[in-house]
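Let's take a relaxed walk through a protein model, stopping at a few spots worth a look. Keep the structure open beside you as you read.

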Amino acid sequence: MWVVAIIGMATAYAESTLAQLYKVRDQNGQLRGGSAFYISKGLKAPWAGAVFSLALILAFGLVFNAVQANSIAGAMEGAFGVDTSITGLAIMLLAAVVIFGGIKKIARFAEVVVPFMAVLYLLLALYVISINISDVPAAFALIFKSAFGVEQAAGGVLGAMLNGVKRGLFSNEAGMGSAPNIAAVATPNPHHPASQGMVQSLGVFIDTILICTATALMILLSGALGNGQTGIALTQTALTTHVGSAGQYFVAIAIFFFAFTSIIGNYSYAENALTYLKWANKPGIFVLRILALAMIPWGAYESVAMVFNVADAAMGLMATINLIAITMMSGLVVKLTKDYFAQLKTHTPVFNSNEYPEVREDIDLSVWDEKPKQ
């Protein structure tokens, strides 16, 4: 997962920079963009953009909602004993309220709560690490020993690598082509495409290097590894070992906020893909909403393994298309990066389309002609 994160910081930078460059305004004046847009315009391959959009709708509009619901249901069952089916129905109803109406209020609430919960989670992890500081070197040693040991090389190294890659990608989405949907519409409007790429790269570092490592250390320091538990249940048991019964309740509440806001975010990705496909009419959006909501109780009820297997397949299709695209456009990313750092030495970098004649006919010049917000 660490290796995936390090590489992912580069892929997240590239895809988000391209998403900013090729963003457009729709008929309602809203910014739109993402992988499908730069695949279509940058590679002159609208068909590939359409295939990617379909894959994104499958992955984020449907399957990943099941994954997030599964995480919430597992956490609620472990902390409060609530049946997973009941949790699934409750999440579906709450998500329906947001998706069909109150999304703006929930978004504003999430802007405050989610960063707060992330910081609180990291502070709790630092507390756990500090009181077990003498055992931390052994925990890191176990990570490297398990990765490079003789037994692992003779046995399940390939499986471990694949699992690490899959979970690493799921934790930060780098290279999958999903984050560019949000990166393209980031406000206030970045002065230069590369500036948003830097932000997305930092996000990968926080998601995987900080939060996932903190979770791993809390589990290893608790001695709970190998007790037969997996996923959220294992994290809850580990935290309960460190801080008492309050630990499992804290994980359940944190997971609810993280996962529920992810469900809403996933839906917004899928709706953006509908816009690219020109299916974002009332019937198309209604069908997407119903299917997205239907996946929530299914995901809450199914086993962790089943849900993740379906998610991995959808994720692989998206990543394959997107990584090929950003590789083919890497020359443009390099040019944007050099331009950004050259300007940074003397002033705030500003994108000048005249310096990029190769893309002027493919980008929305009206967007970049706007005066950047300070």
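## An exposed lysine and its partner

Lys44 has a relative accessible area of 51%, so it counts as exposed. Keep in mind that this is a predicted model. You'll find Lys44 in the loop that runs between α2 (35–42) and α3 (46–80). Its backbone has a quirk too: phi of Lys44 is near 55 degrees, which is a positive value in a residue other than glycine.

Which residue does Lys44 form a salt bridge with? The partner is Asp362, and the closest N and O atoms of the two are 2.8 Å apart. Asp362 sits in the loop between α14 (330–344) and α15 (365–368), while Lys44 is in the α2–α3 loop, so this pair ties together parts that are 318 residues apart in sequence. The two ends also have contrasting surroundings: Lys44 is exposed, but Asp362 is buried, because its relative accessible area is 11% and the limit for buried is under 20%.

## The other salt bridge

How many salt bridges does a search of the whole structure find? It finds two. Besides the Lys44 pair, there is one where the side chains of Lys335 and Glu358 meet, at 3.1 Å from N to O. This pair also links distant parts of the chain, with Lys335 in helix α14 and Glu358 in the loop between α14 and α15, 23 residues apart.

Are these two buried or partly exposed? Lys335 has a relative accessible area of 31%, so it is partly exposed. Glu358 comes out at 40%, so it counts as partly exposed as well.

## Helix α11 and what follows

Now scroll along to α11, which covers residues 246–277. This helix has 32 residues and reaches 47 Å from its first C-alpha to its last, close to the 46 Å expected at 1.5 Å a residue. Right after α11 comes Lys278, with a positive phi near 65 degrees, although Lys278 is not a glycine. Lys278 lies in the loop between α11 and α12 (282–301), and its relative accessible area is 71%, so it is exposed.

Inside α11, take a look at Asn266. Its relative accessibility is 4%, so Asn266 counts as buried. What does its side chain make a polar contact with? The answer is the side chain of Asn65, at 3.4 Å. If you leave aside neighbours within four places in sequence, Asn266 is in contact with Phe60, Gly61, Phe64, Asn65 and Gln68. Here's a handy rule for reading helices: an α-helix has 3.6 residues a turn, so residues three or four places apart point the same way.

## A buried glutamine

Head back to helix α1 (residues 2–21), where you'll find Gln20. At 0% relative accessibility, Gln20 counts as buried. Its side chain reaches the backbone oxygen of Ala183 at 2.7 Å.

## A nonpolar patch on the surface

Finally, turn the model to find Phe100, Phe286, Val287, Ile290 and Leu291, which make a nonpolar surface patch of about 450 Å². Which helix gives the most to this patch? That's α12, with four residues. Phe286 is in helix α12, and at 47% relative accessibility it counts as partly exposed.

Key. Residues are numbered from 1 along each chain as its sequence is written. This is a predicted model: local features need pLDDT of at least 70, side-chain atom pairs count only at pLDDT 80 or more; totals for chains, interfaces and linings use all residues. Side-chain values use heavy atoms; hydrogens and water are left out. Helices (H or I, at least four residues) and strands (E, at least two) are DSSP runs, numbered from the N terminus. Buried means under 20% relative accessible area, exposed over 50%, partly exposed in between (1.4 Å probe, protein chains only). A polar contact is a pair of N or O atoms within 3.5 Å; within protein, one must be able to donate a hydrogen and the other to accept it, and residues adjacent in sequence count only if both atoms are side-chain atoms. Contact means heavy atoms within 4.5 Å. Patches are made of residues with over 30% relative accessible area and no salt bridge: like charges are joined within 9 Å, nonpolar side chains (Val, Leu, Ile, Met, Phe, Trp, Tyr) within 5 Å. Accessible areas come from the Shrake-Rupley method with a 1.4 Å probe; for residues, only the protein chains shown count as cover. A salt bridge is a side-chain nitrogen of Lys or Arg within 4 Å of a carboxyl oxygen of Asp or Glu. The expected span of a helix is 1.5 Å times one less than its number of residues.
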